[in-house]
Each structure stands twice: as C-alpha cells, then as structure tokens.
Protein chains: 2
Amino acid sequence: MKILMSVPNVSEGKDRELVESIIEEIKKVKDVKVLDYSSDADHNRSVLTYLGEPEKVLEASKRMAAKTFELIDMSKHKGSHPRMGAVDVAPFIPIREVTTAEAVEISKQFGKYVGGLGVPVYYYEDSATRPERTNLADIRKGEYEALAEKLKKPEWKPDEGPVQFMPKSGAMVTGARFPLIAFNVNLRTNDVNIAQQIARAVRHISGGYRYVRAIGLALEEEGMVQVSMNLTNFLKTPIPRVLETIRREAARYGVSVGKTELIGTIPMEALEEIFKYYLQAHDFSVNQIIENSLIG
Amino acid sequence: MKILMSVPNVSEGKDRELVESIIEEIKKVKDVKVLDYSSDADHNRSVLTYLGEPEKVLEASKRMAAKTFELIDMSKHKGSHPRMGAVDVAPFIPIREVTTAEAVEISKQFGKYVGGLGVPVYYYEDSATRPERTNLADIRKGEYEALAEKLKKPEWKPDEGPVQFMPKSGAMVTGARFPLIAFNVNLRTNDVNIAQQIARAVRHISGGYRYVRAIGLALEEEGMVQVSMNLTNFLKTPIPRVLETIRREAARYGVSVGKTELIGTIPMEALEEIFKYYLQAHDFSVNQIIENSLIG
C-alpha cells in the first residue's frame, strides 16, 4: 500500500473556525487521514498534516487549496513567521512504497491545479526546476511584501500560474521532499568540542554523509553533549550507518554513546533498515509485521 | 490500541464449504480481521487466524466455536494430525498492549462459554490450572480415542464443562500463550558442532535463556551452519540479547554471523526492543511510527 503525506502551511493561526473549515474540506476525501493540525497565533500560521494513497492526497490538497485561497486574504495578513502566500508551502512526503519521482509528479499536478486557480506557483526541493529554487528560504526571500517586484524579474517567473502579483493569494511553493528524521546522539562527556568535531565528521557540508545536517551542542543538565541531526533521506543515508560512524568517531576520544533520541514521527521504512543492519536480517520485510495487516 | 490474536485449529481439512461457513461466523464480528485460514486434507484439519481488540476476538471465538461444534462430528473424524476435539485447540496470543493476564482472562471466558455448550475444556500454557497441563502434547496424549477413559480419571477432570465423554464434540484445549518467534542465525562455518555448541549455550533446557528453544544444524547448500530457534517470550528474552550472545559465543571459534532470518510474522512490539537495544533509543515508542495512525 502506497502512502504519501502532505504538510501544508497556511497563513492563518488565530481564527480556529477558518482553519477547521479547511480541515473539513480535507476530510471530505474518503481514506485520507488527518493526523494533526496546529495553529500558532504569533506566527499567524497553521500546519496541517494528512496522509493516504497518493491520488487521494492530491485530491485532498486541491480541496484544501481551493478553500484556503477563498478564505484567506494575504493583503491583510500579519505574522512573525516568514510567508509568501495563503497556502504558503505544501510539501509532499513519501512515507511508504512511494518513490521520489511519484511524489514529484503529484506535486506538479497540484502545482498545475493551483496555477489554474490564478496563483503563481514555485516548485522546490525534489520538484525544483532550477537549482536556485531548491531551498524554500531562497524562494521566499523578501516574503509576500517583495512579491510584486519579484514577479517582474525573469529569474523569478513562476513555474505555474500567472506571471503577475495576486494580492489576495500571494504565491505558493510546493514540491516533493523526503521525510526529515530528527535524530540526536548523546555522548558521555561534557566536552562540547567532541560533539562539534563529530558533527563535522558526519555532516554533508563539511565532508560527511550527503543527507546529514548536524550540529554539536552541550546538554548542561545531563552533563553530556549531543550530536543533533536531521537526516534528509533515510534511504540513501540510513540511520544505523550514521550512528555507527558516530560511535567510531567518539571512540577516538574514549567517549561512548549514552543514548539516542528519535524525535517526532518516523516512517516504518526507516526502521526496516535498522533491523536489517543490526540483525543482518537481509530478507526482512515490514510486511512481516502482524499489525500491518490492519492498516487501511 | 490493544490487539489479541487467536489461531484455533479445527478438525476439518477437506470440506472447504464447511470451513468457510466457520470463517463467515468470525467475519460477522465487526473490526475482527481474518488474516488467514488454511486446510490440510491429510491432517484433516484447518488453522484459522484472526485478530482485533480482545473483547471482539472473544466474541468471534464464541461464534467460531458454536458453529464448529454444530458442523463437525468427531465420531466420524479421521486425520493424521493429533486431535482431541472439533475445536481442537484455541490459543489466544497477545500482539499489542495486551498482558498475559488479560489474555488468560479472555481464554477463561472462552473456556467457560464452551464448557456451557456441553464440551469438556482444558486450559493450557499460561492459562494452565496445574503444571502437568501446560503442554498441549501432554493433554492431548492418546487423542480423541482415549478421551472416554481419560475423563474417568480424577487427574483429567476438565477445567470447564461436563466430566463426561461427548462423542460429537470431543474435548477442547484453550489458553493464552505468547507469540512464538522463529529466529535463525546462520554462521560462516561448515562445522555443525559449533552450531550445536551455541544452541546448547542459549537454550533453556541446557542452561541458557529461559524462553529459547534451539537446535544446531547444517545448511549444506549455503556451506554454513545454523542455530535455529523459537523464542517463546520476546518481552522476557528479547531477540537482540539472544543474537548478541550468539555473536560472542561464535567469536570463541573465530566464526561470524553470516545472516539471520525472522520466519513468518512478528508483532511490532518485538521489533521495538530491537531499536531500543541497538540505537540505545530508550524512549522510543512504536506510536512514533507514522503508519500506526492508520491502524484500526
């Protein structure tokens, strides 16, 4: 069973009723499950999380977008979180048996739909049409207020929709990205330099694994230090490979791992790799898990 | 969400229609999922597998039993597999968030119900009322044919139902037991003595872990040997502890683990221990797995 997740951010964090009427639109699509929605009043922004089969999630996203563009007027929006549009950003995230290519395709069908509603759309992450549109922060620079000028520049021609500033909707960013895994490794030392050295060893930017972002920091209360990481593609840079590298680097300093933390949620496929690695159970499949027969 | 599984064995393996009419009874209980049913004509026996919340599984089991005792006449039964009754044995197996005590309680409610239908019932495994009734083979010794004489002996007074031979139904065995995990570890040597030494080191009977049964055998084709195990309580004797013991014992002979195999299905809780052990992720919970939100 294929599962795709979407986590759109919409630019309303105070009007509970408005947000709930968007959620109602999503729930109209059978077999799409809303996992969570949470609003921040200062940010004036809500994060919606839902999942299901890719085609169903696409349908739910179309309904979500149509409703949001109807209800939110960006020309009156104020909030502390960077934003560029009513549906500010809508990532599509493969959870199970969905390839990056399939998620990119869904994001583009969604982008075309929103473009057809008269909203300028930019593709980011794995759906980006040029390298300088990969990162959300780069696309969103200057925010809603800069949009009118930005849209006049050829390098910021939208990927879909009108090449024109639309005051009510602003612009939207969408695309496919892998689920981000927040993984922390605590080390039994109070020397924060060791955590920083190890963070440099494993992270992409300084020569480490391609899909690792890492920093080293002190945990004053625990009397430990931590390598705090985001793993941005668990298939290509799996958790156990990163952990074992950290264990070996730490051993250079005579330091051991105290514990690790997986923060938030994680797809089962990311865990499958953990069994296979440590048990050497090469043929194991998540389909052997009894509870999987109950999913659906 | 609590999940209990039942895997009753019924004494009919040829008449597909009869078996399907029993399955239909189980399916009448909403939210009980039939995972599998398979029949063996020589054994003249079928194995039914279903799961759901404990109370729902109890209800399904009552319906299954009532139908089976209606349709099967043991006085005409022939088959190569040992058996004592129409519903021969009905184990209740905790899969998720169900304690042994809860499963025992369900098995006893089921036993009382079947006793009330006029069928002698024995409790086995974790539900056994005396040590000599723990093993199915001990209770079933002599099979259906010995039942008339057996029921005259005070030591074989049934736990529920009539103290009397009932020709049509025979007797039933029920009880709670933990899921059995079939786990094999292949070693990179062709010396079967090493597998046998290690099997002796880990198995209960010869001084090893309490919930491990193990044998050592040769894998001629692979040119390896195997420690082939059943783990009978993965909470009390967890998979990674057994595997690491085998790795250390194998190292005494300079031998490495080639691969391991988990055969058949496994509850997610048994896998949770694997993460926690190898990642040192003490706070991890299976509720962090995204797909779990879809179960139900």
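1. Strand β2 (residues 9-10) of chain A is joined to β4(A) by 2 bridges, and the two strands run antiparallel. Within this pairing, A:N9 has A:V47 as its bridge partner in β4(A). The model is a predicted one, and the points below should be read accordingly.

2. Strand β4(A) has further partners. Strand β1 (residues 3-6) of chain A is connected to β4(A) through 3 bridges, again in the antiparallel sense; here A:S6 is matched with A:Y50 in β4(A). β3(A) also pairs antiparallel with β4(A), over 7 bridges, and A:S39 stands opposite A:S46 in β4(A).

3. The connection between β3(A) and β4(A) deserves a separate remark. The two strands form a hairpin with 4 residues between them. In the turn, A:N44 has a positive phi of about 50°.

4. How many residues of strand β4 (residues 45-52) of chain A are buried? The number is 6 of the 8, so the strand is largely enclosed by the rest of the structure.

5. In chain B, strand β4 (residues 45-52) contains B:L48. Is B:L48 buried or exposed? B:L48 counts as buried because 25 C-beta neighbours lie inside 10 Å, the threshold for a buried residue being 20 or more. Apart from neighbours within four places in sequence, the contacts of B:L48 are B:V7, B:P8, B:V10, B:I23, B:Y37 and B:M64. B:S38 is 10 residues away from B:L48 in sequence, with a C-alpha to C-alpha separation of 6.8 Å in space.

6. The largest nonpolar core has 177 residues, and within it A:L4 and B:L4 touch the most other members. Leaving aside neighbours within four places in sequence, A:L4 is in contact with ten residues listed here in full: A:L51, A:P54, A:V57, A:F92, A:I93, A:P94, A:I95, A:V98, A:A103 and A:I106.

7. A further sheet lies later in the sequence of chain A. This open sheet of 4 strands has the order β9-β10-β8-β11, with antiparallel pairing. Its edge strands are β9 (212-219) and β11 (257-263) of chain A, each of which pairs on one side only. From one strand to the next, the twist averages 20°. Inside the sheet, strand β8 (residues 181-187) and strand β10 (residues 224-231) of chain A are paired antiparallel over 7 bridges, and A:I181 has A:L231 as its bridge partner in β10(A).

8. What do the two chains contribute to their contact? Chain A gives 33 residues and chain B gives 33 residues. On the side of chain A that touches chain B, the elements that give two or more residues are β3 (33-40), β5 (87-96), β11 and α8 (268-279) of chain A. The largest share, 6 residues, comes from α8(A). By type, the residues on this side of chain A divide into 20 nonpolar, 7 polar and 6 charged. The copies meet through the same surface, because 100% of the interface residues of chain A are also interface residues in chain B.

9. The relation between the copies may be stated as follows. A turn of 179° and a shift of 0.0 Å along the axis lay chain A on chain B with an RMSD of 0.1 Å. The two copies are thus related as by a two-fold rotation axis. Which residue of chain A comes closest to the rotation axis? That residue is A:I295, at 2.3 Å (C-alpha).

Key. Residues numbered from 1 in each chain as written. Chains lettered and ligands numbered in written order. Predicted model: local features only at pLDDT ≥ 70, side-chain atom pairs only at ≥ 80, totals over all residues. Least-squares fit on C-alpha atoms with pLDDT ≥ 70 in both. Contact = placed C-beta atoms within 7 Å. Pairing = 2+ DSSP bridges. Axes fitted to C-alpha atoms, helices over the stretch in contact; angles between N-to-C directions. Nonpolar A, V, L, I, M, F, W, Y, C, P; charged D, E, K, R; others polar. Core = buried A, V, L, I, M, F, W, Y, C linked by C-beta atoms within 7 Å. Buried ≥ 20, exposed ≤ 12 C-beta atoms within 10 Å, placed from the backbone.
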